[in-house]
Amino acid sequence: MKKRSLESTIHTGVDRDSDYTAYLQLDVLLNAQIPLSDPPHHDEMLFIVQHQVTELWIKLIIHEVEAAMRCIRTNDTPPAVKHLARVKHIQNQIYNQWMVLDTLTPSEYAQFRHVFGKASGFQSPQYRLLEFLLGNKSRSYLSVYEKQTDWLKRLQAALTAPALFDEFLRYLARNGYAIPPKVLDRDFSRMREEDDGVVSVLKDIYERPREHWANYEMCEALMDVGNNFQFWRYHHMKTVERIIGHKRGTGGSSGVSFLKKALESDFFPELITVRTKIGAVPD
């Protein structure tokens, strides 16, 4: 192997408060993996890192989705599409992580599953916030966070505010599209019902893309995010099934059955329905 010398211009006497470790808070980050099994089970480290990394990616997704929503509110859709394109790639990273956790066998997991008691990914406030931002809302979820005051306030705000697709529909209405008033003036804390009027508007956008190119791109960016979320949900469900079968979840859920139900919920149903309508021959 050819020897590579240290270049003379490389900074070696960097102050400890301004170097790479300090900037990334590595002392905090790399000491946050604390196995509870005694003695520490080898595979508990995998389980902890997997979930911590996922939380970091979710934090970035929230950052990008909220930025996209701010752009849409000001009718600046090209940057919004860019933010959502980034979300799609982040989702790919989270999805591919399941393949690492898939290496955990049922017998290995059974040896340390008991140590985290009633803790469950279902309780993740970031995950719940992301679902709220994407439109999957229910006030009943808030009871999980009653003892986390700061998160509860943030979740309450997201619950009652327009979600990502709501913002897109409001943008379309501001720009002359015939979005039904009942879609725009409603209780945002409730999940949105699919609307035929919205499907009609989307159908016009899809059938005449060159005339509505920016909105056509936005529709496809939203579809990417929605589809990738479903892919992630599905692989999550299959990974859980692979590792614990049909046992109950640690958080008290029915486990695999509970996760399967989530696959029935699409964030942007009109974007799926419109695909049935495009090019369909009238009866």
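Biologist: What pattern does the protein follow when read along the sequence?

Modeller: The pattern is α-α-α-α-α-α-α-α-α-α-α-α-α. The secondary structure comes to 13 helices and zero strands; helices (H or I, at least four residues) and strands (E, at least two) are DSSP runs, numbered from the N terminus. This is a predicted model: local features need pLDDT of at least 70, side-chain atom pairs count only at pLDDT 80 or more, and totals for chains, interfaces and linings use all residues. Residues are numbered from 1 along each chain as its sequence is written, while side-chain values use heavy atoms and leave out hydrogens and water.

Biologist: What pLDDT does the protein average, and which elements have the lowest and the highest mean?

Modeller: The average is 93, and 99% of the residues score at least 70, where pLDDT is the predictor's confidence in each residue, from 0 to 100. Helix H12 has the lowest mean among the elements, 88, and H8 the highest, 98.

Biologist: Why is Thr 77 called buried?

Modeller: Buried means under 20% relative accessible area, exposed over 50%, and partly exposed in between (1.4 Å probe, protein chains only). The relative accessible area of Thr 77 is 3%, and therefore this residue is buried. Thr 77 belongs to helix H4 and, leaving aside its neighbours within four places in sequence, is in contact (heavy atoms within 4.5 Å) with Tyr 171, Ala 214 and Met 218.

Biologist: Which other residues of H4 are buried, and which helices do the buried residues pack against?

Modeller: Among them are Ala 80, Val 81, Leu 84 and Trp 98. The buried residues of H4 pack against H3, helix H8 (164-174) and H11.

Biologist: How do you know that the length of H4 agrees with its number of residues?

Modeller: The expected span of a helix is 1.5 Å times one less than its number of residues. For the 25 residues of H4 that gives 36 Å, and the end C-alpha atoms are 37 Å apart, so the two agree.

Biologist: Why does Gln 25 count as partly exposed, and what is notable about its phi?

Modeller: Its relative accessibility is 47%, so Gln 25 falls in the partly exposed class. This residue is in the loop between helix H1 (20-23) and H2 and has a positive phi of about 55° although it is not a glycine. Asn 75, in the loop between H3 and H4, likewise has a positive phi, near 60°. At 36% relative accessibility, Asn 75 is therefore partly exposed.

Biologist: What makes the bond between Asp 38 and Pro 39 a cis peptide bond?

Modeller: Its omega is about 0°. Pro 39 is placed in the loop between helix H2 (26-29) and H3.

Biologist: What volume does the largest pocket have, and which residues are closest to its centre?

Modeller: The volume is about 1400 Å³. Of the 48 lining residues, His 51, Ser 120, Gly 121, Phe 122 and His 236 are the closest to the centre. On a 1 Å grid over the protein atoms alone, a pocket is an open set of points where a 1.4 Å probe fits, with protein on both sides within 12 Å along at least five of seven lines; lining residues have an atom within 4 Å of a point. Grid points are joined across faces, edges and corners, and the volume is the space filled by probe spheres set on the points.

Biologist: Which helix gives the most to this lining?

Modeller: H3 does, with nine residues.
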